[in-house]
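Please open the structure in your viewer and keep the selection panel at hand. The tour below moves from one selection to the next and says what is found at each stop.

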Amino acid sequence: MTRGGELACRGRGRDQRKPLLTQRLDLPRPQENLRAGDTSVLFQTNSLYIKSQQSKPGTYEISTSTSGVSRLRIFPSFIEPREVEWMFEQLHREIPWRQKSNVGPDGPYQEPRLTCWYGEVPYTYSRSTMQANPHWHPLLTMLKDRIGEVTGYNFNSLLCNLYRHDKDSIDWHSDDEPDLGRDPVIASLSFGETRVFQMRKKPPQEEQGDYTYVERIHIPLDRGTLLIMEGATQSDWQHRVPKEYHDRQPRINLTFRTMFPETKAQP
Ligand SMILES: O=C(O)CCC(=O)C(=O)O
Ligand SMILES: [Mn+2]
């Protein structure tokens, strides 16, 4: 019986189910231009892990809904190993990192990571705004252009993130602010320590916001790896980088985006 079959037989009662995190499944070999129907194995379990030290390269269609196809593209070693170290050092030293104060349901809090925004327009998330900053560091411009050449996407903005240690994190969210337009494409490039990028599918309406049984994907993002999120990924999924229980060295993550400030309801 497949793991999916086991899950289906286990019923809905919370205590009859194994904890979600014990469910493991190797990814099928990725293919370029996978069609949604080809990835049905992804839906036989509600927890999908991309195991191994390095994420497997390829294009993954992770779901299809009325919003469209949600797609990930993974490029391990997008930055060559001999280049990642000096780039990390330079970004760590020269980006003007700041701690942002956000506003959550329980009031203001200090975001548990450092950030820096580059773009012609301000960026607001978690009810707090980062001012426009057109003073791109030359290394960041070079990386933006290199990603553009390979992916065909011409990004105009960048949120830089520095996770100083194991207790720095970003909680569940989607990158779906109105200025990012419909179906935002996000290019995420990582340096430094490997951290796990987790995704969970938004539950159907009848689950009333209960994420207990949704599909999950875990992707270890190691230095030099480029992850692209495309299509309906921001409408249909959330993502986070959780805190860790063991020491972690600093990690830098660059999330390139395209802002469409003039058109609120976008192209
Ligand atoms: O650090 C990461 O890999 C993800 C960061 C992220 O999702 C964000 O800043 O919106
Ligand atoms: Mn994000």
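**Around the ligand**

Begin by selecting ligand 1, and then add the residues that surround it, which are L159, N161, I170, D175, S188, F197, L221, H239, V241, N253 and T255. Colour the shell by element next: strand 8 (157-163), strand 14 (237-241) and strand 15 (251-257) are the elements that each give two or more residues to it. If you colour by class instead, the shell around ligand 1 shows 5 nonpolar, 5 polar and 1 charged residues. Bear in mind throughout that this is a predicted model.

**Along strand 8**

Stay on strand 8 and select C160, which is found there. C160 counts as buried because it has 21 C-beta neighbours inside 10 Å, where 20 or more are needed. Now show its contacts beyond four places in sequence, namely I95, T115, C116, I252 and L254. Select P96 as well: 64 residues separate it from C160 in sequence, while their C-alpha atoms are 9.9 Å apart in space.

**Two loops with positive phi**

Most residues other than glycine have a negative phi. Select S77, in the loop between strand 3 (68-75) and helix 2 (81-94), where phi is near 55 degrees, a positive value. S77 is partly exposed, with 15 other C-beta atoms within 10 Å.

Finish at R127, in the loop between strand 6 (123-125) and strand 7 (128-130). Although R127 is not a glycine, its phi is positive, at about 50 degrees. Is R127 buried or exposed? With 10 C-beta neighbours inside 10 Å, R127 counts as exposed.

Terms used
Residues are numbered from 1 along each chain as its sequence is written. Chains are lettered from A and ligands numbered from 1 in the order in which they are written. This is a predicted model: local features need pLDDT of at least 70, side-chain atom pairs count only at pLDDT 80 or more; totals for chains, interfaces and linings use all residues. Helices (H or I, at least four residues) and strands (E, at least two) are DSSP runs, numbered from the N terminus. A residue is buried if 20 or more other C-beta atoms lie within 10 Å of its own, exposed if 12 or fewer, and partly exposed in between; C-beta atoms are placed from the backbone. A residue is near a molecule or strand if its C-beta atom, placed from the backbone, lies within 6 Å of it. Ala, Val, Leu, Ile, Met, Phe, Trp, Tyr, Cys and Pro count as nonpolar, Asp, Glu, Lys and Arg as charged, and the others, Gly among them, as polar. Two residues are in contact if their C-beta atoms, placed from the backbone, lie within 7 Å.
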